[in-house]
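The following exercises concern pockets, cavities, a ligand site and an annotated segment. Each task is followed by a solution in steps.

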Amino acid sequence: MFSELFQINIWQFLFYIIVWPLNAEVNLKGIPVYRFVLPSVAFASPLQNPDNHCFCTEKVISKNCTSYGVLDIGKCKEGKPVYISLPHFLHASPDIGEPIEGLSPNEEEHSTYLDVEPITGFTLRFAKRLQINLLVKPAKKIDVLKNLKRNYIVPVLWLNETGTIGDDKAEKFRKQVTGKINLLGLVEIILLSVGVVMFVAFMISYCACRSKKVK
Ligand SMILES: *[C@@H]1O[C@H](CO)[C@@H](O)[C@H](O)[C@H]1NC(C)=O
Ligand SMILES: *[C@@H]1O[C@H](CO)[C@@H](O)[C@H](O)[C@H]1NC(C)=O
């Protein structure tokens, strides 16, 4: 019933509520936060992610739309051959990064993410990383480009914009939110235990009374 309603299967649902938050939970200065990473599917080829079909504009460069990891944003830049990707072509197909020397993509330094505190919804840390690339094509009239055998997507620059909650603010946050939540958890456990003890006590006395009456 539930899964029919939301068009997902039950395993997917269990994955989302159990496994995914576990994977994504990080500790930021003593505050548990959820990490929302820009997924590699955002830069996937249209074969993997049909939503990206409009970024595959060139059959040759994209190898019939099978290359992934770069998005052609030329249309937004007055037709200039500009491609965006994650820095160091993180999550890109090998044919794109392979001709460029000195790349060492890694998730830690080159991904884009938000760390969100799940109770308040505040973003306590973020990293926005993006790489701008230019398409370089062989051109007979230009000396340096004359001998190129194929097209290359060449990185021009990459951006690293990060922000983290300051130590004093984190301290304040811990005291005012996390501390209270922990306290609430404790109160919950105490009340629950008291409830269980009382319930058991009543059950015992009830049974005791009944067995007396039966006699
Ligand atoms: C793309 O598809 C065309 C036609 O199906 C084929 O001739 C060509 O070789 C393909 N190109 C690549 C790079 O796979
Ligand atoms: C990105 O910027 C942050 C803050 O300045 C810095 O700590 C981090 O090392 C930078 N990352 C890279 C890969 O340069």
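**Exercise 1.** How much space lies in the largest pocket?

Solution. The structure is a predicted model, and the values below are computed from it.
- Step 1. The largest pocket holds about 170 Å³ of space.
- Step 2. The residues lining this pocket are Thr 57, Glu 58, Ile 61, Asp 72, Gly 74, Lys 75, Gly 79, Lys 80, Pro 81, Tyr 83, Leu 135 and Lys 137.
- Step 3. Sorted by class, the pocket lining consists of 5 charged, 4 nonpolar and 3 polar residues.

**Exercise 2.** Determine how many cavities of 30 Å³ or more the whole structure contains, and describe the lining of the largest cavity.

Solution.
- Step 1. Searching the whole structure yields 1 cavity of 30 Å³ or more.
- Step 2. The volume of the largest cavity is about 170 Å³.
- Step 3. Its lining comprises 21 residues; Phe 55, Cys 56, Ser 62, Ser 67 and Val 70 are those nearest the centre of the cavity.
- Step 4. At least two lining residues come from each of β3 (70-72) and α3 (94-97). Strand β3 contributes the most, with 3 residues.
- Step 5. By class, 13 residues of the cavity lining are nonpolar, 5 are polar and 3 are charged.

**Exercise 3.** Identify which residues surround ligand 2, and state how much of the ligand the protein covers.

Solution.
- Step 1. With a cut-off of 4 Å between heavy atoms, the shell around ligand 2 is made up of Glu 109, Trp 158, Asn 160 and Thr 162.
- Step 2. In this shell, 2 residues are polar, 1 is nonpolar and 1 is charged.
- Step 3. Strand β7 (residues 152-164) supplies the largest share of the shell, namely 3 residues.
- Step 4. For Asn 160, a polar side-chain atom is found 2.3 Å from an oxygen atom of ligand 2. A polar contact requires a pair of N or O atoms within 3.5 Å.
- Step 5. Ligand 2 on its own has 360 Å² of accessible area, of which the protein covers 41%.

**Exercise 4.** Which residues does UniProt assign to the feature "transmembrane region", and what is the helix content of that span?

Solution.
- Step 1. According to the UniProt record, an unreviewed entry, the "transmembrane region" occupies residues 183-209.
- Step 2. In the model, the span of residues 183-209 is 100% helix and 0% strand.
- Step 3. The C-alpha atoms at the two ends of residues 183-209 are 39 Å apart.

Terms used: Residues numbered from 1 in each chain as written. Chains lettered and ligands numbered in written order. Predicted model: local features only at pLDDT ≥ 70, side-chain atom pairs only at ≥ 80, totals over all residues. Heavy atoms only, no water. Polar contact = N/O pair within 3.5 Å; in protein donor to acceptor, adjacent residues only side chain to side chain. Areas by Shrake-Rupley, 256 points an atom, 1.4 Å probe, with all protein chains shown as cover. Helix = DSSP H or I, 4+ residues; strand = E, 2+ residues; numbered from the N terminus. Nonpolar A, V, L, I, M, F, W, Y, C, P; charged D, E, K, R; others polar. 1 Å grid on protein atoms, 1.4 Å probe; cavity = no way out; pocket = protein on both sides within 12 Å on 5 of 7 lines; lining within 4 Å. Points joined across faces, edges and corners; volume = space filled by probe spheres on them. UniProt positions renumbered as here; feature names shortened; annotations may be inferred.
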